[in-house]
Amino acid sequence: MPQLACFGLGGKEMEHAGLDRIVRAEDVAHMGITEVIRHMPRVYGAYRSLVFSVKERRPDVAILIDFPDVNFRLARELKKLGIPVIYFVSPQLWAWKRGRLRWVQQRVTRMMVIFPFEARFYRARGVDAQFVGHPLAELPRPTISREEYAAAHGLDPAREWIALLPGSRWKEVTANLEVMVEMVHRLPLGYDYILPVASTIDRKELARFIAGHDEWWPANADAALKACRIRLVPDAREALHHARASVVASGTATVQAAVIGNPFVVVYRVSPLTFRLAKRLVHYPPEIWDPAQVDHSGNLPIAMVNLIAGRRIVPELLQDRFTAENVVDVLQPLLARGPERDRMIADLAEVRRALQPPRGTSSIQQVSDEVEALLAGRRQAAVPNSTVRV
């Protein structure tokens, strides 16, 4: 392939891989309806920067990844310029804001999705969509042994470990972790806790937050972590691999837990206004979920693992139901040997198989092949060794 130059919006890892970051992903990543509204000026400023760079540099092809609030409008500008658009990792139009589907139909050349039901959803509505597999399902299992992991993080390999994953954004952590810490008190002694710290979270600030939510703990953050038997660790996949079971905030971490095969409970809490609005706005088409199948609080499932399975295979504790007492009630059967634990492990194995890419390829390779196909015509007419812009 000719020399490739990439620019646009991305995270630090994409920058390290060679992306010229016009906009930093960490500056515009927000969740929840009220949270997005509050940060809209910054998001709109990012959009204007991206549009300017596209008009100035005229890329040969565009790869848009999730982030619909910016990407759908950017796709409109790309369409005007005659630039083909590959959309990788679909926004959740099948859950809400389905009116945006017409934008996909009008502006996206190829939709490449990471969940099997998404391909069915789009194809039924006239969109050229391809299921490519989920990148997390392609990763090998962690190879570090339990003894090595214990030694690296000050854990006792003879004790059982429970993983706590409160989220990768500080807003999620503050909403979810306090109940998890209370749960630590309610479970019987004999467990230690491992809490992976996302790269977006300040480790020292996290330790201070934990220390500040129990009057019986020492004021010193390190001493508080030791008293509550919580160890802060760097890698979520290793934590899930070695934990007996986990408490996981809804999001990508639930897919990580599923492909690792770790039994878990899904929890989540947002602002009351966000939850009320989401409950009214979120609706699944019948090919994804039977709209009559709600829990006793009237909630549809939000955990991706349940949507992939087409049935509730992991318990969900949302909003007011997310209490320490309820977490303990649903977590304990997953810690003990018995049919509930065995059934969930088998169900998660089915989900992992469903997320695998077609044999002999990978999700990223399929996206790369599609880019190559779109560029083929342009390269034939271009000067040899010219730079291709993406």
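Helices (H or I, at least four residues) and strands (E, at least two) are DSSP runs, numbered from the N terminus. This model is predicted: local features need pLDDT of at least 70, side-chain atom pairs count only at pLDDT 80 or more, and totals for chains, interfaces and linings use all residues. Residues are numbered from 1 along each chain as its sequence is written, and side-chain values use heavy atoms, with hydrogens and water left out.

## A pocket

A pocket is an open set of points on a 1 Å grid over the protein atoms alone, where a 1.4 Å probe fits, with protein on both sides within 12 Å along at least five of seven lines. Lining residues have an atom within 4 Å of a point. A volume is the space filled by probe spheres set on the points, which are joined across faces, edges and corners.

The second largest pocket holds about 160 Å³ of space. Two elements give two or more residues to its lining: α17 (324-335) and α18 (339-354). Of these, α18 gives the most, with four residues. The lining includes Arg311, Pro333, Arg343 and Asp347. Its residues divide into six nonpolar, no polar and five charged. Here Ala, Val, Leu, Ile, Met, Phe, Trp, Tyr, Cys and Pro count as nonpolar, Asp, Glu, Lys and Arg as charged, and the others, Gly among them, as polar.

## Salt bridges

Side chains of opposite charge can pair when their charged atoms come close. A salt bridge is a side-chain nitrogen of Lys or Arg within 4 Å of a carboxyl oxygen of Asp or Glu. The count comes to twelve salt bridges. The table shows some of them.

| Pair | Closest N to O |
|---|---|
| Glu77 and Arg76 | 3.8 Å |
| Arg110 and Asp128 | 2.1 Å |
| Asp347 and Arg311 | 3.0 Å |

Asp347 and Arg311 also both line the second largest pocket. Their salt bridge links distant parts of the chain. Asp347 is in helix α18, and Arg311 is in the loop between α16 (304-309) and β13 (316-318), 36 residues apart. Buried means under 20% relative accessible area, exposed over 50%, and partly exposed in between (1.4 Å probe, protein chains only). Asp347 is buried, at 10%. Arg311 is partly exposed, at 39%.

Arg76, Glu77 and Lys80 are joined into one network by salt bridges that share partners. Glu77 is buried, with a relative accessible area of 11%. Arg76 is partly exposed, at 34%.

## Aromatic pairs

Rings of Phe, Tyr and Trp (its six-membered ring) pair if their centres lie within 6.5 Å; planes under 30 degrees apart count as stacked, over 60 as edge-to-face and the rest as tilted. The structure holds eight aromatic pairs. One of them is Trp94 with Phe117, edge-to-face, at 5.0 Å centre to centre and 85 degrees between the planes. Trp94 lies in the loop between β5 (85-88) and α6 (101-107) and Phe117 in helix α7, so the pair ties together parts 23 residues apart in sequence. Trp94 is buried, at 1% relative accessibility. Phe117 is buried too, at 2%. Ring pairs link Trp94, Phe115, Phe117 and Tyr284 into a cluster.

## Charges over rings

A charge sits over a ring if NZ of Lys or CZ of Arg is within 6 Å of the ring centre and within 35 degrees of the ring normal. The charged end of Arg57 sits over the ring of Phe7, 4.6 Å from its centre. Lys97 lies over the face of Trp96, 4.7 Å from the ring centre.
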